[in-house]
Amino acid sequence: TDRDHRWVYPFAEAPASNKTLLGGKGAGLAAMTAAGLPVPPGFTITTEACVAYQSHGHHFPEGMWTQAREALKSVEEATGRTFGDPENPLLLSVRSGAAVSMPGMMDTVLNLGLNDETARGIARQTGDERFAWDAYRRFVAMFGEIVMGVEAERFERVLERAKAKTSGGRDTDLTPEALQEVVAQFKRLVFGEQRGVPFPDDPEEQLRMTIAAVFDSWDNDRARAYRRVHRISDRIGTGVTVQAMVFGNMGWESGTGVAFTRDPSTGEKTLYGEYLLNAQGEDVVAGTRTPKPLAQMEADLPDAFAQFREIAGRLEAYYGDVQDVEFTIEQGTLWLLQTRTAKRSGAAAVKTAVDMVAEGVIDRETAIRRVSPEALDGLLHPTVDPDAEVTLLAEGLPASPGAATGRVVFTSDDAEAQAASGEPVILVRQETSPDDFHGMVASQAIVTARGGMTSHAAVVARGMGVPCVAGADTLEIDAGGGTLRANGHTVLAGDWLTVDGATGRVLLGQVPTREPQLGEDFHTLMGWADDVRRLGVRANADTPEDAQTARDFGARGIGLCRTEHMFFGDARLAAMREMILADGPGEREAALRKLLPLQREDFAGLFRAMDGFPVTVRLLDPPLHEFLPSLLDLTGRIAEIKLALRHADTLEDMDRLLDDSDTARGLLRQVERLHETNPMLGLRGCRLGLLYPEITRMQAQAVFEAAADCKASGVDVQPEIMVPLVSVATELKDQAALVREVASEVFAERGTEVDYLVGTMIELPRACLTAGQIADHAEFFSFGTNDLTQTTFGLSRDDAGRFLSTYVDRGILRADPFQVLDQEGVGQLVRMGTERGREARPGLKVGVCGEHGGEPQSVAFFHDAGLDYVSCSPFRVPIARLAAAHAAL
Ligand code: ADP
Ligand code: MG
Ligand code: MG
């Protein structure tokens, strides 16, 4: 029964390895307590209690409160203080902590247990009135915000006004009397008559209300939004940790800070962090005061620093991973408040993983697992071109690497709205809070005027791989007026800025950026990944430059060359239109003859760039109208000519305009003739080659001639010709025969032979169902999961954007199926197609070339389904390599 169930664990009795039960914070505190480190005593209420609370109509499960009071007694014994005792009061912190870290998403209340009497007691005991009232005002504000739901800004405003009256203007300059007045004003804000709720003077009542509020905070909008983005279950609940307070705000021998055992941006092996003297932890985390670098602590508090450095080393060794540690110093004594695995940039993830293998802390497999494929995205991000001329607007902390340009917005709502209309935006804020999450997700980069490396903006941006400059304190932001001033410049909302998250610079205008240089550690780790993965990784590339980039990123071949991209550019497009508008095969062949040498050159470039690796060339795929002007453009053009004719002065002008008009009308007739109601399901893919075999012939000829030429000059060429959009085996049979015929002709004519394959895309449900028959004619399959997703769902990719996000928000779909493969539906077809294909042709080579080929979850699925390779865009190649290694571990 609930009553007998254990809901509460004192740190010393808690099962430290059970993060699911205790939450990350509770588990870390239990582990540190067990290791004999200085941790203020306390206890953790389990995540199970939170889940029970949610399902019991927001009531504590039976027995929980009794157990909590029991545990509180042991805290009283350990500290020698009593909760609520005016002579010797114990103050508590009430902290939330789920099994999965959700930075800044949940709420914490400090200094709980204060009322007028206990505050006076603290003042008497410490002989420090200022301290007592400072703690009190913090408590009323946090309780007011978190438990009573009053906006934090209101408290800020009262405090700002009080600070403005002091000589120094800092919160440490407030006198006890001034603080007392602040407390009174805070109380009026929260418990004013119109609210009808009295301030709970009873500390037990305070505790009960706060625990309930922490449980409730699990369900607030920002926590839910965070969980949705990070795909965290709503059902796991948060633990609540109740702990004796230690005071970093007890004078100038006291302080509080956050430190990483290694630099979270670069991975450098140095203790890295920030701290504030005479402050409580919230001051650092909330970014309300810009903290000092940890190195300064060595000078300010050398003993505490030395002790901390030693403990940080032990914590890292104990966990075998970089730790993010929160600590407080109370009058020279060090206390540890939290340890957790540090979030880090992609670069730091790679460097620490590789370094720790060299240090003998972890093995290679662990190192591979430590780096999430998505994290590489941050590493592959561009940097500001070092040769570019730049105008510095402001400088702050390099909080999250990467460079981006965009237009300035001052609110998260504006960021979201403008990003939705396709504008790249830079979110500029005084500081960010969890309420800004939606704007941060929508932004190219984030800039804050206040806060440090561990401020909300910095932590969230690093997690998302978005560039961020934090604490650029020379920025004068007038969000209401829509202006930004610094360094003698004024920037308006909508103006361009460039953010250099790697150096912390905010630059005026659109500064060119440079593609990333990947270091030795990156190549080392990728090498290890290559050793363990089974899946091959190729790239989708249409130009020799893309092919080279892909090869540099480790692609072993091209899995998809979309030949249609080769027909853009003036000369090519003209020839292409000639081909489309040709009257009969004779004229068409003449036009194709113009395209042949251009195509041959394209393919030769790709073969040379991929020397030694296969190059898969897909025959022409899109509907032909894509190469013609649109109906709208043409009717507009004809109307223009008509108008011009009316005003024509000379006969020559008139003649010329009449000619133009004839051409335009001819084109219009052709466009009308080619018009399709639903071109994606119309005359495209192999259907084109069946109706116009000349096109297939020309493309095959270009491929084989290029291959023969390259082979003659010593290049190892491995062409693979791929027939798109096959649904009936006979379509492939026909096109494959044509390709082979052309191959023989070219080889005979050139007096050479090149090994090649003819295969097909599997991108229609019927192709998956009849994959056995298709495999009779295919030497390889490549799943085109974009079209396969469209046709399986009956969902047009170009039109679905409008409502897919609603589907995802409402949980109808877990993710956008065009980004993350729908394993239950589309994935079944992939499995079926692979199995049936290989039954008919054992050892059939099977790959995938849709967007999903570079998406880690989908890559894991393709590994399981037994595919031979994935193919993705060049910049996703390292991500696919690492994802394939993860799948194989
Ligand atoms: P978060 O999950 O947002 O990091 P925490 O529960 O860690 O929230 O609390 C926020 C800050 O409050 C911490 O950084 C810490 O400095 C301070 N804090 C928490 N518990 C105590 C305590 N027992 N004594 C002093 N400060 C505390
Ligand atoms: Mg914390
Ligand atoms: Mg397709």
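Which element gives the most to the shell around ligand 1? In this predicted model, that element is helix α10, with 3 residues. The shell also draws on other parts of the chain: at least two residues each are supplied by β5 (92-98), α10 (281-285), β11 (323-330) and β12 (333-341). A total of 18 residues surround ligand 1, and those that come nearest are S93, R95, T108, Q243 and G281. In chemical character, the shell comprises 9 polar, 6 nonpolar and 3 charged residues. Two domains take part, since domain 1 (8-244) and domain 2 (255-344) each contribute at least three residues to the shell around ligand 1.

The domain assignment of the protein chain extends beyond these two. Domain 1 (8-244) and domain 2 (255-344) are accompanied by domain 3 (381-514), domain 4 (533-623 + 680-888) and domain 5 (631-671). Between the C-alpha centres of domain 1 and domain 5, the distance is 77 Å. An unreviewed UniProt entry lists residues 21-54, 67-292 and 306-358 under the name "domain: Pyruvate phosphate dikinase AMP/ATP-binding". Within residues 21-54, helix accounts for 65% and strand for 12%, and the C-alpha atoms at the two ends are 16 Å apart. Residues 306-358 are 51% helix and 32% strand, with a separation of 26 Å between the end C-alpha atoms.

Two sheets are described next. Strands of a sheet pair through backbone hydrogen bonds, in either a parallel or an antiparallel manner. One open sheet consists of 8 strands with mixed pairing, arranged in the order β14-β24-β23-β16-β17-β18-β19-β15. Strands β14 (392-395) and β15 (397-400) occupy its edges; each has a single partner strand, and therefore one side of each is left without a neighbour in the sheet. From one strand to the next, the twist averages 30°. Strands β23 (residues 496-500) and β24 (residues 505-508) run antiparallel and are joined by 4 bridges. Among the paired residues, L497 has L508 in β24 as its bridge partner. Helix α16 (residues 412-420) lies across β16 (403-409) and β17 (425-429), and its direction makes an angle of about 180° with that of β17.

A further open sheet contains 3 strands in the order β20-β21-β22, with antiparallel pairing. The edge positions are held by β20 (476-478) and β22 (489-492); because each has a single partner strand, one side of each is left without a neighbour in the sheet. Neighbouring strands of this sheet are turned against each other by 15° on average, direction ignored. Strand β21 (residues 483-486) pairs with β22 in the antiparallel sense through 4 bridges, and A486 stands opposite H489 in β22.

Where the unreviewed UniProt entry is concerned, the annotation "binding site" covers E763 and D787. These residues span 25 residues in sequence, yet their C-alpha atoms are not more than 5.5 Å apart, so they gather at one spot. Residue E763 is placed in the loop that links β30 (757-762) and α28 (765-769).

Key:
Residues are numbered from 1 along each chain as its sequence is written. Chains are lettered from A and ligands numbered from 1 in the order in which they are written. This is a predicted model: local features need pLDDT of at least 70, side-chain atom pairs count only at pLDDT 80 or more; totals for chains, interfaces and linings use all residues. A residue is near a molecule or strand if its C-beta atom, placed from the backbone, lies within 6 Å of it. Ala, Val, Leu, Ile, Met, Phe, Trp, Tyr, Cys and Pro count as nonpolar, Asp, Glu, Lys and Arg as charged, and the others, Gly among them, as polar. Domain bounds come from an automatic or database domain assignment. UniProt positions are given in the numbering used here, feature names are shortened, and annotations may be inferred rather than shown by experiment. Two strands pair if DSSP finds at least two bridges between them. Axes are lines fitted to C-alpha atoms, for helices over the stretch in contact, and angles run from 0 to 180 degrees between N-to-C directions. Two residues are in contact if their C-beta atoms, placed from the backbone, lie within 7 Å.
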